[in-house]
Amino acid sequence: MKNILFAASEAVPFIKTGGLADVVGSLPKNFNKEEFDVRVILPKYACIKQDWADKLEYVTNFSMEYNWKSRYVGIFKYELDGITYYFIDNEEYFKVDKPYSSDGRWDIERFAYFSKAVLSALPVIDFRPDIIHCHDWQTGLIPVYLDYFHFFSEYYCGIKTMMTIHNLKFQGTYGTAEVRNLTGLPDYYFTHDKLEAYNDANLLKGGIVYANRVTTVSNTYANEIKMPFYGERLDGLMNARSAELSGIVNGIDYDEYNPETDAFLARNYSVENFRKEKVKNKVALQEELGLPVNPKTMMIGVVSRLTDQKGFDLVAHVMDELCQDDIQMVVLGTGDEKYENMFRHFAWKYPEKVSANIYYSEAMSHKIYGSCDAFLMPSLFEPCGLSQLMSLRFGTLPIVRETGGLKDTVEPYNEYEKTGTGFSFANYNAHEMMYTVRYAEAIYYSKKRDWNKIVERAMTQDFSWKTSAKQYEELYKNL
Ligand code: ADP
Ligand code: GLC
């Protein structure tokens, strides 16, 4: 039996800002329970949904030296679907209404505290992991502190670490002197072959350098980040660690995302009856959003963080042209003001074509996955992407740019060989995207039978965690 501890800054159902939470909340359930005891540790944010927060059980507390003071570390615990979740409590750091702030230095102080507290908590929670599986920069200091803790306690010797990169863009960087001061780590760690990069301390880099194994969330992204364009200035390091670096594509929770049982949908449907049933969801959504009700109109969905990563500058560029077509576009997202306002503007200009829903809603996201005909995701880069997997599961055909996980999970339609599960384009070019959308429109409107065959193939793909969890198990075994 191997003990694995996932350390992360978010997990469904407790707290979510993006795909990281979906992964940390669903992957642990998919390991072979006879061989692996997988548990999860998270910060106990004040913004954890109240229903869940009320259920957490207090375990213990202790004091830990951090940033020149003795700090409180409380531990809470909760068991859900056979998985034990631990929570690190400290109100100074986690009494927040969202997990991340806009103050980079403050977030570094908070998550460096979390990383040290995770290691310090192990002896008192009575769970000694063989492997700590770290996710993203917020937990990048765990492998570094672990190395340092070896000098003080036998207990930590032999614990291995794995670092999974969900997004290389976010690295957690701040001035070296400051980070050295607050973490209490010795000078030794702050050289350019360790924590330092470009004269700053870089928490993700620390994790990548010190972890025994590094993974990212798709094969293509694992290769892309070895090149300058996607490497976010760490491509040199990714090349240096390429022997220990691999890509394992994400899955999604097939119970939570299931058109046959989804309680948010007006009509449930399956691969057998989607031809008749799915369109009823579209009509219900048109009514709900005040769009002209017409079952025939092609509806294109977007559910996304509205940031540069997701390719919305391409969309902005050709939106006027696209709105001349016989389509409806339903957008759900929050993020950069420029994109929020861009969609609001086009919803005002083309009220019959565009519905801009600038908020966060799980219910609305499911309705969009289950109602639209196509789903647009023209990302500039995409480590994996989960929205296209959700769309495939609901028979909503993804239109994507061929990058990262989008390239690995969406097979472009080939009209000659009658293969494919969606539509894709290669270059980051607004008109290339637009022509791909128009190609999809042409198939939708004039080759409905072929379209439905694509839907059938999309719905029968398997992006549950089955295969990918096995790949993680192999890595755990070999560590
Ligand atoms: P990323 O993690 O980069 O944001 P992913 O595609 O991996 O992208 O995951 C995004 C997740 O967040 C999906 O589960 C998606 O449905 C969800 N999501 C994004 N924006 C919203 C929103 N406004 N309302 C509800 N869910 C959202
Ligand atoms: C990040 C990436 C996204 C990925 C998610 C989960 O948020 O942007 O592509 O799917 O992490 O791994």
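**Exercise 1. In this predicted model, determine which residues come closest to ligand 2 and where the ligand lies relative to the domains.**

*Solution.* Step 1: ligand 2 is surrounded by 14 residues, and the closest are H166, N250, E382, C384 and G385.

Step 2: examine the polar contacts, for which the cut-off is 3.5 Å between N or O atoms. The side chain of N250 places an N or O atom 2.8 Å from an oxygen atom of ligand 2. For Q309, a polar side-chain atom lies 3.1 Å from an oxygen atom of the ligand. C384 contributes a polar backbone atom, at 3.0 Å from an oxygen atom of ligand 2. Taken alone, ligand 2 exposes 310 Å², of which the protein buries 93%.

Step 3: consider the make-up of the shell. Six of its residues are nonpolar, six polar and two charged. Helix α1 supplies the largest share, three residues.

Step 4: assign the location. Domain 1 (2-251 + 466-478) and domain 2 (274-462) both give residues to this shell, so ligand 2 lies between them.

**Exercise 2. Describe the surroundings of ligand 1, and state which element gives the most to its shell.**

*Solution.* Step 1: ligand 1 has 22 residues around it, and G19, D22, R305, K310 and Y369 come nearest.

Step 2: list polar contacts. An N or O atom in the side chain of D22 is 2.8 Å from an oxygen atom of ligand 1. A polar side-chain atom of K16 lies 2.9 Å from an oxygen atom of the ligand. Y359 uses a backbone N or O atom, 3.0 Å from a nitrogen atom of ligand 1. The protein buries 93% of the 560 Å² that ligand 1 exposes when taken alone.

Step 3: divide the shell by class and by element. It has eight nonpolar, nine polar and five charged residues. At least two residues each come from α1 (19-26), β13 (298-306), β14 (327-335), α14 (362-371) and α15 (387-393). The most is given by β13, with three residues.

Step 4: locate the ligand. Because domain 1 (2-251 + 466-478) and domain 2 (274-462) both give residues to the shell, ligand 1 lies between them.

**Exercise 3. Compare the expected span of helix α17 with the separation of its end C-alpha atoms, and identify the residue that caps its N-terminal end.**

*Solution.* Step 1: α17 comprises 17 residues (residues 430-446). The expected span is 1.5 Å times one less than the number of residues, which gives 24 Å, and the end C-alpha atoms are 24 Å apart, in agreement.

Step 2: N429 caps the N-terminal end, with a side-chain oxygen 2.9 Å from the backbone nitrogen of H431.

Step 3: the buried residues of α17 include A430, M433, M434, V437, A440, E441 and Y444. An α-helix has 3.6 residues a turn, so residues three or four places apart point the same way.

**Exercise 4. Identify the backbone exceptions at P13, W68 and R233, and place each in the chain.**

*Solution.* Step 1: recall the usual case. Most residues other than glycine have a negative phi, and most peptide bonds are trans.

Step 2: the peptide bond from V12 to P13 is cis, with omega near 5°. P13 is in the loop between β1 and α1, as is A11. A11 is buried, with a relative accessible area of 0%.

Step 3: W68 has a positive phi, near 65°. This residue sits in the loop between β3 (57-66) and β4 (69-80) and is exposed, with a relative accessible area of 66%.

Step 4: R233 has a positive phi near 70°. Its place is the loop between α9 (228-231) and α10 (235-240), and R233 counts as exposed at 53% relative accessibility.

Notes: Residues numbered from 1 in each chain as written. Chains lettered and ligands numbered in written order. Predicted model: local features only at pLDDT ≥ 70, side-chain atom pairs only at ≥ 80, totals over all residues. Heavy atoms only, no water. Near = heavy atom within 4 Å. Polar contact = N/O pair within 3.5 Å; in protein donor to acceptor, adjacent residues only side chain to side chain. Areas by Shrake-Rupley, 256 points an atom, 1.4 Å probe, with all protein chains shown as cover. Helix = DSSP H or I, 4+ residues; strand = E, 2+ residues; numbered from the N terminus. Nonpolar A, V, L, I, M, F, W, Y, C, P; charged D, E, K, R; others polar. Domains from an automatic or database assignment. Buried < 20%, exposed > 50% of the residue type's maximum accessible area, 1.4 Å probe, protein only.
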